[in-house]
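Okay, thanks for coming, everyone. I'll put the sequence and the structure up, and then we can walk through them together.

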Amino acid sequence: YQRRVRAEMIEYYDVSGCYILRPWAFSIWEKIQAWFDAEIKKIGVDNCYFPMFVSQSALEREKDHIADFAPEVAWVTKSGQSELAEPIALRPTSETVMYPSYADWIRSHRDLPLQLNQWCNVVRWEFKH
């Protein structure tokens, strides 16, 4: 990690686990992403995007799936000074957001294969205890 900092690729941010990608490091990422994106499109994979926020009730429906990283989930509980009626998680994994839509989209074998890619962030705070 220190080599990447000294090479001015990334730098620390004041929120633990968050880093700033400097412009030339981000350009490397863009080249990797563009190459990979072109390759997966050749085999029929489409890009999509699902929300970054997951309701508490949706996450609880997947509690077995997220059990191992539940302590690492980041929660939003307020909007401005107002408490939210239900806490909202920042996406710790995409499956909890994607699978309910898949259940609506896939009705028979004719709807398969569903080949999707999502370029997104997930948020997990993995602190050493």
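So, to kick off: which exposed residues sit on the face of α2 turned away from its buried side? Before I answer, bear in mind that what you're looking at is a predicted model. Right, the answer: that face carries Pro23, Lys31, Trp35 and Lys42, which are exposed.

Let's stay with α2 for a bit. The helix covers residues 23–42, so that's 20 residues, and at 1.5 Å a residue you'd expect a span of 28 Å. In the model the end C-alpha atoms are 29 Å apart, which agrees. Now flip to the other face: Ala25, Asp37 and Ile40 are the buried ones in α2. They take up an arc of only 105° around the axis, so they're on the same side of the helix. And what do the buried residues of α2 pack against? You've got β2 (19–21), β3 (46–48) and β7 (116–118) there. After the helix comes Gly44, with a positive phi, near 90°.

Let me zoom in on Ala25, which lies in α2. Its relative accessibility is 7%, and buried means under 20%, so Ala25 counts as buried. Along the chain, Ala25 and Glu8 are 17 residues apart, and their C-alpha atoms are separated by 8.1 Å.

That brings me to Glu8. Where is it? You'll find Glu8 in the loop between α1 (2–6) and β1 (10–12). Here's something for those of you who check backbone torsions: Glu8 isn't a glycine, yet its phi is positive, about 60°. With a relative accessible area of 45%, Glu8 comes out as partly exposed.

Next, over to β2, one of the strands that the buried side of α2 packs against. Ile20 is in that strand, and at a relative accessible area of 33% it's partly exposed. Which residues does Ile20 touch, once you leave aside its neighbours within four places in sequence? The contacts are Met9, Ile10, Glu11, Tyr12 and Tyr13. For Ile10 I can give you a distance as well: the C-alpha atoms of Ile20 and Ile10 are separated by 5.4 Å, with the two residues 10 apart along the chain.

Moving on to α5, residues 95–105. Its buried residues are Thr96, Val97, Met98, Ser101 and Tyr102. They pack against β3 and β7, plus β4 (53–55), α3 (56–61) and α4 (63–66). You've heard β3 and β7 before, in the packing of α2.

Between α5 and β7 there's a loop, and I'd like to show you a couple of residues in it. One is Asp111, partly exposed at 32% relative accessibility. Skipping its neighbours within four places in sequence, Asp111 is in contact with Trp105 and Ile106. Another residue in that loop is Pro113. What kind of peptide bond joins Leu112 and Pro113? That one is cis, with omega at about -5°.

Last topic: pockets. A quick reminder of the idea: you roll a probe the size of a water molecule over the atoms, and that shows where empty space is left.

The largest pocket has a volume of about 240 Å³. Its lining comes from Ser16, Gly17 and Cys18, together with Asn121, Val122, Val123, Arg124 and Trp125. Sorted by class, that lining has 4 nonpolar, 3 polar and 1 charged residues.

How much space lies in the second largest pocket? About 190 Å³. Phe26, Trp29, Gln33, Trp119, Cys120 and Asn121 line that pocket. And if you're thinking about electrostatics, here's the split: 4 nonpolar, 2 polar and no charged residues in the lining. Look at Asn121, by the way: it's in the lining of the largest pocket and in that of the second largest too.

Okay, that's my tour. Over to you!

Definitions and conventions: Residues are numbered from 1 along each chain as its sequence is written. This is a predicted model: local features need pLDDT of at least 70, side-chain atom pairs count only at pLDDT 80 or more; totals for chains, interfaces and linings use all residues. Side-chain values use heavy atoms; hydrogens and water are left out. Helices (H or I, at least four residues) and strands (E, at least two) are DSSP runs, numbered from the N terminus. The expected span of a helix is 1.5 Å times one less than its number of residues. Buried means under 20% relative accessible area, exposed over 50%, partly exposed in between (1.4 Å probe, protein chains only). The arc is that of the directions from the helix axis to the C-beta atoms. Contact means heavy atoms within 4.5 Å. On a 1 Å grid over the protein atoms alone, a cavity is a set of points where a 1.4 Å probe fits but cannot get out, and a pocket is an open set with protein on both sides within 12 Å along at least five of seven lines; lining residues have an atom within 4 Å of a point. Grid points are joined across faces, edges and corners, and a volume is the space filled by probe spheres set on the points. Ala, Val, Leu, Ile, Met, Phe, Trp, Tyr, Cys and Pro count as nonpolar, Asp, Glu, Lys and Arg as charged, and the others, Gly among them, as polar.
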